[in-house]
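Please look through the sequence and the model shown here. The paragraphs after it take the reader from single backbone features to the domains, the cores and the second chain.

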Amino acid sequence: MTERTIKLDLLARVEGEGALYVKLRGQKIETLEFRIFEPPRFFEALLRGRPATDAPDITSRICGICPVAYVMSASQAVEQALGIAIPPEIRALRRLIYCGEWIQSHVLHAAMLHAPDFLGLPDAMEIARAEPDLVRTALRLKKLGNTLMEVIGGRAVHPVNTRVGGFYRAPDADRIAALVPELEWGAGAARDMALAFSRFEFPDDAADYTFVSLVNPDEYPILEGRIGSNRGLDIGIDAFSGSVRESQVAHSNALLAHLADGTPYMVGPLARYANNHDRLPEACRRTAREAGLGPVERNPFKSILVRMIEVQFACLEALRLARSYVVPSPACVEAPPRAGEGFGCTEAPRGICHHSYVIDHDGTLVSASIVPPTSQNQPQIEADLARVVLSSLDLDDDALRQRCEQAIRNYDPCISCATHFLKLTVVRA
Amino acid sequence: MPDPRPAFSLFIGVGHPFRRDDAVGPWMAERLALAGCRALAHTGDGADLVGRFGMADDILIADATQSGAPPGHIRLIDARAAPLPDRTFRNSTHEFGLAFAVETARALGLLPRSLWVLGIEGQDFGFGETLSPPVARAAEARVEWLLDRHDGPARGWQPPPGSRPGKKSP
C-alpha cells in the first residue's frame, strides 16, 4: 500500500506560525494536522489587573492587519460593563473606520495573496509584472482603506484616536467629505475587480458548511448584531461561550473552536454573505449575480469573489456614512468605573472577533477572554484540507502542495502570507 | 559605478521602533527631521511604501539589514540600477517589505528619479527601544554624512499622518 507524507513545514512571520502535515496510506488520510506553533502571547493574562480602558489599545496589538476589530470588540465589551451607551454619531464613525479596515485587509489578501494562485504566479512580486493594472488598482484601493483609518484613527496601523466611549477627537467634517470622490471610485473599482476575478478557473469544490456570523435585520453586520448561523443558531453575543467550545490539541498553540455539539464551523466573508445576503445593497447583489454567485456560496475557492463584493459594500457604506457625517460632540462618552461584565463581538475581515471581560469596582480587569476568527476557522480549515487532498490525489506533489496552500488561503488566515514559503516533502513507500 | 554621494530630497527610515536595531531607520529619520530635513518614519508596509515613492523625485531609504555582516556595516545600493539583494532586508507583515515595494514600483513604473537604499546591519532585533552600541555608532556617523547630501530643509513641510519620526511612530 502506498504511503505518502505531505509536509508543509513553515508558515511563518505573521500573526501565527503554522504548518501542514498530511500522512496518506493508499487513498485514505491517516493524519492531517494544520499546525499553528506560534508561541502563545498571553494577551488575556496581560490584561488582568490593568485598567479596563487599556483593553482596546492593548488587544489591537494582536493584529497589525485588523486592529480596528480588536479595538471595537474590546471597546464594546468594556462599555457594556460600564453601562456606556454610544450615541449614533459615534457609532457611525466607528462603522466608517471599520469600513477602512475591511477595504485594506480584503484587497491585500484578494489581489496580492490569493489572486496569484489563480493566475499561476508564485508570489505578489510577480503579479505586478504580469498584471500591472490589477496591482495599480489594488494599491489604490488599499491606500483608500488606509486613508480612512488614518483620517479617523490617526494612523493606518494600530489607531491612536480610538478609545472606550468613542474617540479622543472627532475628525473635522471637511476631512471626511474629502474622502467621497475616492470612495466613489473605489466602489466601481471593487466591482470591476470582482467581475475580473470571476473569470478565474475555480477548483470544483463545495462543502455543507455551518456558516456563523453576526446577523442584523437592519444592515449588513460589521459592528453589532446577534450571532446566527444557517442552521438555526440565534444567540446574543453574551451567550457565545455557551454555544462554542474551545479546546486544545497537541499540534496547535491556538485554541480550536467548535460548536457545542462538536461540529466545526466557518466564520468570515462566506458566512457573513450567506447569513446576510439580503442586507447587501442592490448594487452589491447585482455584482454577485454577474460574478456567478447565488445568495449562498459553498465553494470556498470563490471566497475571493465575496471578499471583493464586501470591498464594494464597504466603499458604498463608507460613502453613505461620509455623506451623512455629523461631527460627534462630545467625541466620547465618559463613565465612572464600576464592577460588571461585558461582551463585544464585531465582524473582523476574517470573521467574528469575540471579547468578554469582567471588571472590578475600581475599573481593573479581573478576567478577559478573546476568541479571534482564525482559531474558530482552524477546525474547518482542517476539514477543507482533508476534502481537498482526497479529491486531488491524482495531482503531482507540486500541484498538490499548491492546492493545499490555496485551500488555506481561502480563509485569509493571519498565517496566509507565509504559505508562500511552505516546503513540501512527499515520501512514497 | 554608482554615485557614492547621492543627493536626496526625502529620507524614509523604515523599521519598527520597538524592535531594537530594526528601529535604526526611524532613529535616523528623527535626527534628520530635527535638523530640518524632510524625513519620515515608516513601518515598512511595502504596499503603502510604493505610494510614498511619489512624494519626491530623489529618495533615500534607510533600513536595517540582517545579512550576516558585522553589526553596523553599511551598504549603499542604487535601487534604480538593480534589484535589492534577496533576503537582506527585514520583512514586514505579510512579507510585503522594502524589496516588494521597490520591485513592485519598478514593474509599475513608479520608481522615483533616484532611489538609494542605505542598509545598516543590525545586531539585536529583540524587544526594546534602544539601538545596540555598534549600530548606534554607525547610524550617528551616517546622519552627519546624510546631512551633507540633503537637498535642503523643506520649510513648513509636515510628514503625513502616522509617519512622524520619533520613538512613538508606527
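In which loop of chain A is the place of A:Pro330? A:Pro330 sits between α12 (303-323) and β11 (340-348) of chain A, in the loop that joins the two. This is a predicted model, and what follows should be read as such. The peptide bond that leads into A:Pro330 from A:Ser329 is cis, its omega being near 0°. Most peptide bonds are trans, and most residues other than glycine have a negative phi.

Two residues, one from each chain, depart from that second tendency. In chain A, the residue is A:His158, which is not a glycine and yet has a positive phi of about 50°. A:His158 belongs to the loop between α6 (132-153) and β4 (162-163) of chain A. Because 21 other C-beta atoms lie within 10 Å, A:His158 is buried, the cut-off being 20 or more. In chain B, the residue is B:Arg20, with a positive phi near 40°. B:Arg20 is found in the loop between β1 (10-14) and α1 (24-34) of chain B. With 22 other C-beta atoms within 10 Å, B:Arg20 is also buried.

Chain A can next be taken by domains. The domain assignment divides chain A into domain 1, made of 3-40 and 379-428, and domain 2, which covers 43-378. Taken over C-alpha atoms, the centres of domain 1 and domain 2 of chain A are 26 Å apart. Where the domains of chain A touch, domain 1 contributes 29 residues and domain 2 contributes 25 residues. On the domain 1 side of this contact, β3 (28-36), α13 (373-390) and α14 (397-409) of chain A each give at least two residues. The largest share of that side, eight residues, is from α13(A). By residue type, the domain 1 side that touches domain 2 of chain A holds 14 nonpolar, six polar and nine charged residues.

Two sets of record annotations fall in chain A. An unreviewed UniProt entry lists A:Glu44, A:Ile370 and A:His420 under "binding site". A:Glu44 is part of helix α1 (residues 43-47) of chain A. Is A:Glu44 buried or partly exposed? A:Glu44 has 16 other C-beta atoms within 10 Å and so counts as partly exposed. Leaving aside residues up to four places away in sequence, A:Glu44 touches A:Ala368, A:Ser369 and A:Ile370. A:Ile370 is thus both a contact of A:Glu44 and a member of the annotated set.

The feature "binding site" is also placed by UniProt, again in an unreviewed entry, at A:Cys63, A:Cys66 and A:Cys414. A:Cys63 lies in the loop between α2 (55-59) and α3 of chain A. A:Cys63 is buried, since 25 other C-beta atoms are within 10 Å.

The loop that holds A:Cys63 leads to helix α3 of chain A. Helix α3 (residues 67-82) of chain A has 16 residues and spans 22 Å from its first C-alpha to its last, close to the 22 Å expected at 1.5 Å a residue. All of them, 16 of the 16 residues, are buried, so α3(A) is largely enclosed by the rest of the structure. After α3(A) comes A:Gly83, with a positive phi near 75°.

The buried nonpolar residues can be viewed together. In soluble globular proteins, nonpolar side chains tend to be buried together. The largest nonpolar core has 159 residues, and the members that touch the most others are A:Leu148, A:Met308, A:Cys315, A:Ala318, B:Phe11 and B:Val24. Helix α4 (residues 88-119) of chain A supplies the largest share of this core, 15 residues. What does A:Leu148 touch, not counting residues up to four places away in sequence? The contacts of A:Leu148 are A:Leu96, A:Ile97, A:Cys99, A:Gly100, A:Leu179 and A:Ala318. There is also a second, separate core of 14 residues, with A:Ala19, A:Phe34, A:Val389 and A:Leu400 among them.

Chain B remains. Its secondary structure consists of four helices and five strands. From the N terminus on, the elements of chain B follow the order β-α-β-α-β-β-α-β-α. Chain B has 170 residues, of which 52% count as buried. Among contacts in chain B with a separation of 6 or more, 80% join residues 24 or more positions apart.

Note on methods: Residues numbered from 1 in each chain as written. Chains lettered and ligands numbered in written order. Predicted model: local features only at pLDDT ≥ 70, side-chain atom pairs only at ≥ 80, totals over all residues. Expected span 1.5 Å × (residues − 1). Buried ≥ 20, exposed ≤ 12 C-beta atoms within 10 Å, placed from the backbone. Core = buried A, V, L, I, M, F, W, Y, C linked by C-beta atoms within 7 Å. Contact = placed C-beta atoms within 7 Å. Domains from an automatic or database assignment. Nonpolar A, V, L, I, M, F, W, Y, C, P; charged D, E, K, R; others polar. UniProt positions renumbered as here; feature names shortened; annotations may be inferred.
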